[in-house]
Amino acid sequence: MQDGTKKEKNSRQLQAEITEKKIWEESIRLIASRPISDIKIQDITNACDISKGAFYHYFSSKEELFAKITLEPGRDISESIRFSSGSLKRLRDFIIWRLGEAEENGLSYTRNLQGFRLVDTYRKLRDEWFDSQHYEYNLMMEIFTDAVNNGQLSDEFPASMIAQTIVYLVHGAIYNQCLYDEELNLVSWGEQFCDFLEQVMLKPYLLT
């Protein structure tokens, strides 16, 4: 009897995961086709062939869904990179991932998602989930603190200023690309930026 109940529970959990993934994927497809403000919950449920009640089982609002789509990939990759080897390699890995995500998703998707980042609802959810701290800045600071502690960077390294500069430049590059109807070429720029970062901004403080 217990085995049957366990199998039934596992089956329900699997179906729930499939449904949530479908909501996520169809929402991404919709973001690529129109501004987020024009997407209704009905559009999502129609695309997924589910009821509104099923949608609300997973997300309290469309804003919560879109905020998670915006934030969680970065949070997940931050955790992955946080435990990878090599402090400064982690820095390059994150910058290239962040720019590559925008390039891979395409111009329309990136424009619409960046536009959503400007609305009050998104900023409120972001600040609630991250205690008003930007996870990208936090990750930069962790990487630089590790680099100082393990002797890669000197104690005089201006970690906060460099971390802020990286976040501003990376986001600025993405926003700048959204202004023009040109193919996104962010990864190529990111590789050059990382080289500049290491050879110019970090070099005076490198110990190894």
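# Rings, a helix and two cavities

Visitor: Phenylalanine 193: buried or exposed?

Guide: Phenylalanine 193 counts as buried, at 6% relative accessibility. Keep in mind that this is a predicted model.

Visitor: And where does tryptophan 189 fall, buried or exposed?

Guide: In between: tryptophan 189 is partly exposed, with a relative accessible area of 32%. The cut-off for buried is under 20%, and for exposed over 50%.

Visitor: What kind of aromatic pair do tryptophan 189 and phenylalanine 193 form?

Guide: Let me give the count of such pairs before that one: there are eight aromatic pairs. Tryptophan 189 and phenylalanine 193 form a stacked one, 5.1 Å centre to centre with 5 degrees between the planes. The two residues sit four apart in helix H10, so about one helical turn separates them.

Visitor: Which residues are buried in H10?

Guide: Leu186, Gly190, Phe193, Cys194, Leu197, Met201 and Leu202.

Visitor: What do they pack against?

Guide: The buried residues of H10 pack against three helices: H5 (87-105), H8 (135-149) and H9 (159-178).

Visitor: Where is the kink in H10 centred?

Guide: On phenylalanine 196. The kink is about 25 degrees, in a helix that covers residues 186-202.

Visitor: Back to rings. Which residues do ring pairs link into a cluster?

Guide: Phe55, Tyr56 and Phe59. Phenylalanine 55 and phenylalanine 59 are both buried.

Visitor: Change of topic. How many cavities of 30 Å³ or more are there?

Guide: A search of the whole structure finds two. The largest holds about 70 Å³ of space.

Visitor: Which elements give two or more residues to the lining of the largest cavity?

Guide: H5 and helix H6 (107-116). The lining residues include Arg98, Glu101, Tyr109 and Leu113. By class, four of the lining residues are nonpolar, three polar and three charged.

Visitor: How much space lies in the second largest cavity?

Guide: About 60 Å³. Its lining is made up of Phe94, Ile95, Arg98, Glu136, Met140, Ile166, Val167 and Val170.

Visitor: How many of the lining residues of the second largest cavity are polar, by class?

Guide: There are no polar residues in that lining, with six nonpolar and two charged.

Visitor: Which helices supply at least two residues each there?

Guide: H5, H8 and H9 each supply at least two residues of the lining of the second largest cavity. H5, H8 and H9 are also the helices that the buried residues of H10 pack against.

Methods:
Residues numbered from 1 in each chain as written. Predicted model: local features only at pLDDT ≥ 70, side-chain atom pairs only at ≥ 80, totals over all residues. Heavy atoms only, no water. Bend = angle between axes of the 7 residues up to and from the residue. Buried < 20%, exposed > 50% of the residue type's maximum accessible area, 1.4 Å probe, protein only. Contact = heavy atoms within 4.5 Å. Phe/Tyr/Trp six-rings, centres within 6.5 Å; stacked < 30°, edge-to-face > 60°. 1 Å grid on protein atoms, 1.4 Å probe; cavity = no way out; pocket = protein on both sides within 12 Å on 5 of 7 lines; lining within 4 Å. Points joined across faces, edges and corners; volume = space filled by probe spheres on them. Nonpolar A, V, L, I, M, F, W, Y, C, P; charged D, E, K, R; others polar.
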